[in-house]
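Me: I would like to learn how to read the packing and the sheet of a model like this one. Could you take me through it feature by feature?

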Amino acid sequence: HGPSLYDGAVSRLPVVIIGAGAAGLMAAISSARAGAATQLLDRRRKVGAKILMSGGTRCNVTNQAVSERDFNASSSPFVRNVLKQFSPEQARAFFAEVGVELKLEPTGKYFPVSDSATDVLAGLLRSVDAERVELHRESLVTGVERYETGLVVRTSTGSFPAAAVVIATGGLSYPETGSDGIGYRIAAQLGHSIVRTSAALTPLIASPALHASLSGLSVNAELRVVSRTKTVATRSGSLLFTHTGYSGPVALDISRHWERTSWEDPDVEIRGSFGQGRSRDEVGEYVLSEAGRAPRRHVANLLAEFVPIRLADILMHSSGVEPGTMLATLGRDARLRLIRNLTDFRLPVQCVAGYGKAEVTAGGVPLGEVVARSMASKVVDGVYFAGEILDVDGYIGGYNFQWAWSSGWVAGAAAARHALAIQPPDAGP
């Protein structure tokens with residue numbers, strides 16, 4: 001607490017938003033449309049860097065269907081509440097309004113018709129200008145201080161008094177875009193606790209021995225994180241073998257679960273099933289039926305129904321099955337090993353690629369310390385949160401951008417209501 005920030009002035013203090021990424025831009029637009037004077041601060045000269053690089057520079061804006069089940073969060077009802085207040089349908093309508101036409105792809109993902117993330121950022125910045133948001137670039141925030149009548153945001157370029165502050169600084173992913181964790185430090189200084197962070201949606205690093213012959217190969221797989229014989233998480237999708245390990249949507253989706261489980265269990269494993277949706281028993285029954293139907297059929301030929309030949313060779317070698325083996329000569333033990341490897345193959349993992357390759361950060365400000373209907377801090381009056389800084393991370397598919405749009409919209413509107421409700425001295429009723 002400290003002296004009044006008004007110093008006899010009768011003008012209202014603005015909403016100040018820290019971070020001009022996806023969530024911050026949306027919060028600024030929402031705040032301004034709700035009638036509040038709005039200032040948007042960013043440490044970089046070129047804002048929205050993560051928008052520009054996302055989706056292979058195409059920007060997966062949202063998904064046809066988004067629910068709380070598409071996120072990792074301590075409170076599913078919290079996420080559901082926020083998504084309900086600004087839905088994917090509303091997000092699509094918003095982008096249409098700001099001149100960004102979207103197209104639906106067969107995967108359920110929405111991209112700009114132009115396939116250019118530049119157009120998405122341009123639409124947001126046009127709206128920021130149209131709503132007369134003050135955008136302060138190259139303004140590095142160093143802290144937020146509480147006063148009796150408001151807040152002050154301290155930056156490298158000066159101080160910004162505020163009636164409300166929205167912290168939308170992102171997390172630690174893609175540090176070259178400006179993500180340096182400052183939001184976590186500000187939240188902690190204001191009295192918030194921080195759920196330990198980790199990289200999410202990041203490749204997995206493994207020993208090169210297995211991957212020398214598989215680099216560049218893509219296959220549909222189900223990956224399981226297994227800790228002390230229990231399955232912690234399961235994801236399905238396309239798996240890409242790389243020269244350093246594994247990538248592709250399913251590897252990125254499962255990475256946060258492996259990383260966070262490894263904190264408690266250094267022996268955590270990732271198991272892969274290449275059974276194309278069939279269980280181990282179903283695969284076993286199929287192999288037996290094929291052995292009866294076509295005993296002279298080569299094992300490699302049968303495996304090719306499930307996986308590319310390069311991976312089939314690895315599975316056969318790991319099962320002790322010689323090249324050229326026919327189903328009729330495949331012994332029971334070898335058959336069982338082969339079926340187990342096809343449906344429960346251990347993929348050695350050393351670590352995750354880390355924040356440098358991560359699309360999002362897991363952990364952050366706990367949802368229990370934030371009000372879902374407004375994104376307001378329960379710890380400090382007038383402080384709001386939006387986007388990646390919160391303990392919410394989505395899977396691949398446009399879900400993290402939808403979280404940014406939804407939480408940013410809710411936080412900006414609520415911060416504006418808070419600012420407009422504060423009557424400056426001598427301003428009248």
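Reply: Let us begin with the nonpolar packing, bearing in mind that this is a predicted model. The largest nonpolar core has 86 residues, and those with the most contacts inside it are F95, L390 and W405. Helix α12 (residues 399–421) supplies the largest share of this core, 11 residues.

Me: Which residues does W405 touch, leaving aside those up to four places away in sequence?

Reply: With those sequence neighbours not counted, W405 touches A22, M26, V61, F86, A91, F95 and L124. There is also a second, separate core of 43 residues, which includes L239, V299, L315 and L327.

Me: How should I read the sheet, and which strands stand at its edges?

Reply: In general, the strands of a sheet pair through backbone hydrogen bonds, either parallel or antiparallel. Here seven strands form an open sheet in the order β18-β17-β14-β15-β16-β13-β19, with antiparallel pairing. The edges are taken by β18 (345–347) and β19 (351–352), each of which has a single partner strand, so one side of each is left without a neighbour in the sheet. Between β17 (residues 269–273) and β18 the antiparallel pairing runs over three bridges, and the bridge partner of I270 in β18 is L347. Helix α11 (residues 332–343) lies across β17 and β18, running at about 105° to β17.

Me: Is D253 buried or exposed?

Reply: Buried means under 20% relative accessible area, and D253 counts as buried because its relative accessibility is 5%. D253 is found in helix α7 (residues 249–262), and, not counting residues up to four places away in sequence, D253 touches L201, R235, Y395 and I396. The C-alpha atoms of D253 and L201 are separated by 5.4 Å, although these residues are 52 residues apart along the chain.

Key
Residues numbered from 1 in each chain as written. Predicted model: local features only at pLDDT ≥ 70, side-chain atom pairs only at ≥ 80, totals over all residues. Heavy atoms only, no water. Core = buried A, V, L, I, M, F, W, Y, C linked by side-chain atoms within 4.5 Å. Buried < 20%, exposed > 50% of the residue type's maximum accessible area, 1.4 Å probe, protein only. Helix = DSSP H or I, 4+ residues; strand = E, 2+ residues; numbered from the N terminus. Contact = heavy atoms within 4.5 Å. Pairing = 2+ DSSP bridges. Axes fitted to C-alpha atoms, helices over the stretch in contact; angles between N-to-C directions.
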